[in-house]
Amino acid sequence: MKTFKVPPDTSPAASVFPELSPHDAPSPVPTSSRDKKRLRIRAERNQDAGIANVRASSLSFRNMHAHGELLVNYLQARKHVFIDQLDWDILQTDGMEFDQ
């Protein structure tokens, strides 16, 4: 199995991905100037990347029927990244990769 090295120009995930909360929860109000600056930078990055309205869904065996092909698409994306791009020697089934 090949090892994967993180490119030096990447950012920690916490600096890119905002904290997720339910869509009907009130947004946290930044208190310090550092928090305000951090939120402004995240918003600008999200706008530049075209992901200003990204939503998250929690899948389970009880609710996966309500999300159509989302789970299958996710598992195919895992295969594309880990096997096709990173050339990891791991198992796949029907064009999908998932934890064993």
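Trainee: May I begin with a single residue: is Lys79 buried or exposed, judged by its relative accessible area?

Mentor: One compares the relative accessible area with a cut-off: under 20% counts as buried. Lys79 has a relative accessible area of 16%, so this residue is buried. Please keep in mind throughout that this is a predicted model.

Trainee: In which element is Lys79 found, and which residues does Lys79 touch, leaving aside those up to four places away in sequence?

Mentor: Lys79 is found in helix α3. With those sequence neighbours left aside, Lys79 touches Asp84, Gln92, Gly95, Met96 and Glu97. One of these contacts, Asp84, is also a salt-bridge partner: the side chains of Lys79 and Asp84 meet at 3.0 Å, N to O. The two ends of this bridge can be read separately. Lys79 is buried at 16%, whereas Asp84 is partly exposed, with a relative accessible area of 42%.

Trainee: Which other residues of α3 are buried?

Mentor: Besides Lys79, the buried residues in α3 are Leu75, Arg78 and Ile83. For the protein as a whole, buried residues make up 8% of its 100 residues.

Trainee: How should one read the length of α3 against the span expected at 1.5 Å a residue?

Mentor: One compares the distance from the first C-alpha to the last with the expected value. Helix α3 has 16 residues and reaches 21 Å, close to the expected 22 Å.

Trainee: Let us return to the salt bridges. How many does the structure hold?

Mentor: It holds four. A pair qualifies when the nitrogen and the carboxyl oxygen lie within 4 Å. Having found a pair, one may then ask where its two residues sit along the chain. Consider Glu97 and Arg78, which form a salt bridge with their closest N and O atoms 2.7 Å apart. This pair links distant parts of the chain, for Arg78 belongs to helix α3 (70–85) and Glu97 to the segment after that helix, 19 residues apart. Both Glu97 and Arg78 are buried.

Trainee: Which residues are linked with Arg78 in a network of salt bridges?

Mentor: The network joins Arg78 with Glu97 and Asp99.

Trainee: Where do Arg40 and Glu44 lie, and how many residues apart are they?

Mentor: Their side chains meet in a salt bridge at 3.2 Å, N to O. Arg40 and Glu44 are separated by about one helical turn, because they stand four residues apart in helix α2 (residues 33–49). Arg40 counts as partly exposed at 42% relative accessibility, and Glu44 is partly exposed at 40%.

Trainee: How does one read an aromatic pair, and how many does the structure hold?

Mentor: In general, a pair of aromatic rings is described by the distance of the centres and the angle of the planes. The structure holds one aromatic pair. Phe82 and Trp88 form this pair, with 4.9 Å from centre to centre and 20 degrees between the planes. The pair counts as stacked because planes under 30 degrees apart fall in that class. Phe82 is partly exposed at 22% relative accessibility, as is Trp88 at 25%.

Trainee: What is the value of phi at Asp87?

Mentor: The general background is that most residues other than glycine have a negative phi. Asp87 has a positive phi, near 60 degrees. Asp87 comes just after α3 and is partly exposed, with a relative accessible area of 44%. Asp94 is another residue with a positive phi, near 50 degrees. Asp94 also lies in the segment after α3, and at 68% relative accessibility Asp94 counts as exposed.

Trainee: How many helices and strands does the protein have?

Mentor: It has three helices and zero strands, and along the sequence the pattern reads α-α-α. As for contacts with a separation of 6 or more, residues 24 or more positions apart account for 34% of them. The exposed surface is about 8,900 Å², of which carbon and sulfur atoms supply 56%.

Trainee: Which element has the lowest mean pLDDT, and which the highest?

Mentor: This value reports the predictor's confidence in each residue. Among the elements, helix α1 (residues 13–16) has the lowest mean pLDDT, at 50, and α3 has the highest, at 89. Over the protein the mean is 75, and 63% of the residues reach 70 or more.

Definitions and conventions:
Residues are numbered from 1 along each chain as its sequence is written. This is a predicted model: local features need pLDDT of at least 70, side-chain atom pairs count only at pLDDT 80 or more; totals for chains, interfaces and linings use all residues. Side-chain values use heavy atoms; hydrogens and water are left out. Helices (H or I, at least four residues) and strands (E, at least two) are DSSP runs, numbered from the N terminus. Buried means under 20% relative accessible area, exposed over 50%, partly exposed in between (1.4 Å probe, protein chains only). Rings of Phe, Tyr and Trp (its six-membered ring) pair if their centres lie within 6.5 Å; planes under 30 degrees apart count as stacked, over 60 as edge-to-face and the rest as tilted. Contact means heavy atoms within 4.5 Å. Accessible areas come from the Shrake-Rupley method with a 1.4 Å probe; for residues, only the protein chains shown count as cover. The expected span of a helix is 1.5 Å times one less than its number of residues. pLDDT is the predictor's confidence in each residue, from 0 to 100.
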